[in-house]
Protein chains: 2
Amino acid sequence: MTTIKDVAQHAGVSTATVSRVLNGHAAPTPETRTRVLAAVDELGYRPNALARSLRTTSTKTLGLVISDLVNPFFAEIARAVEEEARAHGYCVIVANADESADQQATYVRNLLDRRVDGLLVCPATDDPTWIAEVDANDVPLVLLDRTVEGATCPVVRADGAQALAELAEVLRAAGHRRVGVIAGPADTSTGRERLEQFARGGLDLEVVHGDFRRDSGALAAAELLSRADRPTALVAMDNLMGLGALEELRRRGLKVPDDVGLAVYDDQPWFPLLDPPITVVAQPTVEMGREAARSLLELIAGAQPADVRLTARLVVRGSCGEATGAA
Amino acid sequence: MTTIKDVAQHAGVSTATVSRVLNGHAAPTPETRTRVLAAVDELGYRPNALARSLRTTSTKTLGLVISDLVNPFFAEIARAVEEEARAHGYCVIVANADESADQQATYVRNLLDRRVDGLLVCPATDDPTWIAEVDANDVPLVLLDRTVEGATCPVVRADGAQALAELAEVLRAAGHRRVGVIAGPADTSTGRERLEQFARGGLDLEVVHGDFRRDSGALAAAELLSRADRPTALVAMDNLMGLGALEELRRRGLKVPDDVGLAVYDDQPWFPLLDPPITVVAQPTVEMGREAARSLLELIAGAQPADVRLTARLVVRGSCGEATGAA
DNA sequence: TTGTAAGCGTTATCAT
DNA sequence: ATGATAACGCTTACAA
């Protein structure tokens with residue numbers, strides 16, 4: 001590899017001058033500048049980012065720890081984060097915790113070791129111990145989608161309270177009274193909150209907790225549908241569990257919405273293509289990612305960004321049935 | 001931050017000894033070892049990965065440049081790569097080229113600057129110029145899913161020739177003669193190959209090229225369906241364009257398979273849930289990611305892994321219609 | 001304006 | 001077995 005020394009030699013200047021030119025300092029004369037640039041070009045020189053970072057203690061890199069890369073909800077967030085970061089000259093290292101607190105902790109540590117300038121985390125669970133490590137390193141941190149108890153850093157998330165209230169209303173209007181809820185894990189803030197907010201709708205709820213992944217959705221649906229007093233509708237609290245539930249319904253030959261109504265938290269492009277199209281609570285994923293990145297960048301710049309609370313909205317399609325008119 | 005010096009001081013040894021203990025060298029006595037480890041623990045010391053990498057010229061990091069993160073096909077590959085890499089003590093930096101050759105080149109350069117130990121790339125286009133840069137840095141490279149002209153590095157991909165031949169047969173058996181193909185870009189190897197292989201099926205083909213993304217699928221479908229001699233079936237050469245095509249069919253109120261047949265390259269979990277379920281060519285995404293990572297790791301280890309050619313397979317569901325029995 | 005040299009936090013060589 | 005010390009490639013006082 002060609003180093004700054006080679007360039008200096010080639011241009012007949014010191015390494016300091018090369019560095020100054022490359023970093024846009026005012027000092028160097030136009031003449032030396034062109035000479036150095038020529039040498040850089042000729043040798044195809046590229047600065048070693050490791051050495052530079054070691055010296056400047058800035059990596060221009062953000063760490064993003066998400067709970068599940070194959071969950072399209074997170075994939076979209078990851079993409080938005082990456083875009084926003086790039087627009088500001090930052091690169092993103094994406095780490096996939098796979099909904100495991102252990103793996104998340106491992107990754108946080110790893111990213112800290114690599115001296116990322118900031119950390120964006122969608123916490124796998126409520127366990128806040130890993131945060132201490134981040135704080136100890138004085139690395140800016142922003143929580144995304146989920147929060148953990150006692151977190152003192154900015155949090156970016158979507159508020160689904162209103163949408164879930166409306167959903168309860170829609171279900172009631174369609175004649176549903178007993179509703180089966182495929183809830184997220186009780187040890188995640190989103191798992192708890194969505195359930196609690198939906199519960200305020202006053203429907204008669206049967207709750208089974210899943211783990212935000214596909215299989216658990218199928219399992220939960222199976223359990224709910226096997227109960228003696230079978231619910232007339234199912235609500236899956238994330239898109240993957242919704243997928244699992246749909247698969248289970250299909251296996252059982254149950255028709256939506258006539259045999260059982262269905263609603264899902266998180267919209268997906270293919271939901272409108274189903275027959276009937278699925279009623280959902282849609283989260284502003286792109287904004288969430290963007291805002292999270294923006295907040296982190298602000299934090300890195302020394303500002304004190306406030307929490308961001310976007311709002312999810314209900315999209316009524318056909319999967320919960322029609323309003324019966326009977327109040 | 002606490003450095004190796006602090007630990008050395010705390011343990012009453014030299015930094016060299018600390019380093020030796022931490023790197024599992026044989027030299028240190030059990031006694032000093034425990035003393036050092038104690039100090040490490042007490043101070044919560046973690047080695048600076050940048051400094052270490054600068055010294056050792058190894059980052060234990062793989063760069064993965066994919067064409068589109070929100071494409072579930074690539075998301076799944078990314079996840080598999082990451083898993084395999086982690087199992088071998090490597091971390092992965094995922095870069096999203098967004099199907100842009102420019103952005104891809106930029107990212108490759110960026111990853112090279114960060115001194116990744118190896119590079120995994122799903123080339124956005126056939127343009128091979130960026131490869132020279134990789135070679136100049138002597139960084140191991142493996143191509144994934146797509147290849148580029150004159151590439152001398154290992155390539156990992158899925159072969160769909162057989163599956164596409166079978167698909168042509170299935171379509172013909174269902175009475176289709178004129179088939180509209182929503183092809184990938186002509187400047188990608190997969191775009192060309194899939195088209196060419198399917199063309200061997202001897203059907204009467206109408207071809208429109210898309211860009212492997214959702215909107216282009218809708219546009220292409222719209223164009224094909226507006227033609228005077230409208231094809232009786234559509235084949236979308238990747239899942240995102242398939243999604244777009246489905247949306248367009250829906251907009252036009254066209255029923256599958258009665259009004260128009262449909263098949264898609266790449267399987268998706270939700271395809272079986274549609275009515276009718278979609279006939280697809282399924283690629284072994286997880287294996288592709290795993291094999292690619294494995295090949296790269298081998299390359300890094302100094303071996304000369306051969307190209308990997310997995311095979312895609314046809315999954316017949318209902319969207320192409322029934323065999324008519326008329327040969 | 002430019003060069004010299006120290007230092008970022010490690011690891012590895014060479015003595016001891 | 002351990003300790004100095006140079007070196008990795010860069011940036012930045014400080015001098016000149």
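The legends below describe close-up views of a predicted model.

**View 1. Chains A and B and the axis that relates them.** Chain A is superposed on chain B, with an RMSD of 0.0 Å, by a rotation of 180° with 0.0 Å of shift along its axis, and the two copies are thus related as by a two-fold rotation axis. In chain A, the C-alpha nearest this axis belongs to Ile93(A), and lies 2.5 Å from the axis. Both copies use the same surface, since 100% of the contact residues of chain A recur in chain B.

**View 2. The residues that surround DNA strand D.** DNA strand D is surrounded by 25 residues, of which the closest are Ile4(A), Tyr45(A) and Arg55(A), together with Arg20(B) and Thr32(B). The residues of this surface divide into 10 nonpolar, 10 polar and five charged. On the side of the DNA, 68% of the atoms of strand D within 4 Å of the protein belong to sugar or phosphate, and the rest belong to bases.

**View 3. Polar contacts from chain B to DNA strand D, and the helices around them.** A backbone N or O atom of Ser14(B) lies 2.9 Å from a phosphate oxygen of DNA strand D, and a polar side-chain atom of Thr17(B) lies 2.7 Å from a phosphate oxygen of that strand. Arg20(B), by contrast, places a polar side-chain atom 2.7 Å from a base nitrogen of DNA strand D. The elements that give two or more residues to the surface near this strand are α2 (15-22) and α4 (49-56) of chain A, together with α2 (15-22) and α4 (49-56) of chain B. Of these, α4(A) gives the most, with four residues.

Terms used:
Residues numbered from 1 in each chain as written. Chains lettered and ligands numbered in written order. Predicted model: local features only at pLDDT ≥ 70, side-chain atom pairs only at ≥ 80, totals over all residues. Heavy atoms only, no water. Least-squares fit on C-alpha atoms with pLDDT ≥ 70 in both. Contact = heavy atoms within 4.5 Å. Near = heavy atom within 4 Å. Polar contact = N/O pair within 3.5 Å; in protein donor to acceptor, adjacent residues only side chain to side chain. Nonpolar A, V, L, I, M, F, W, Y, C, P; charged D, E, K, R; others polar.
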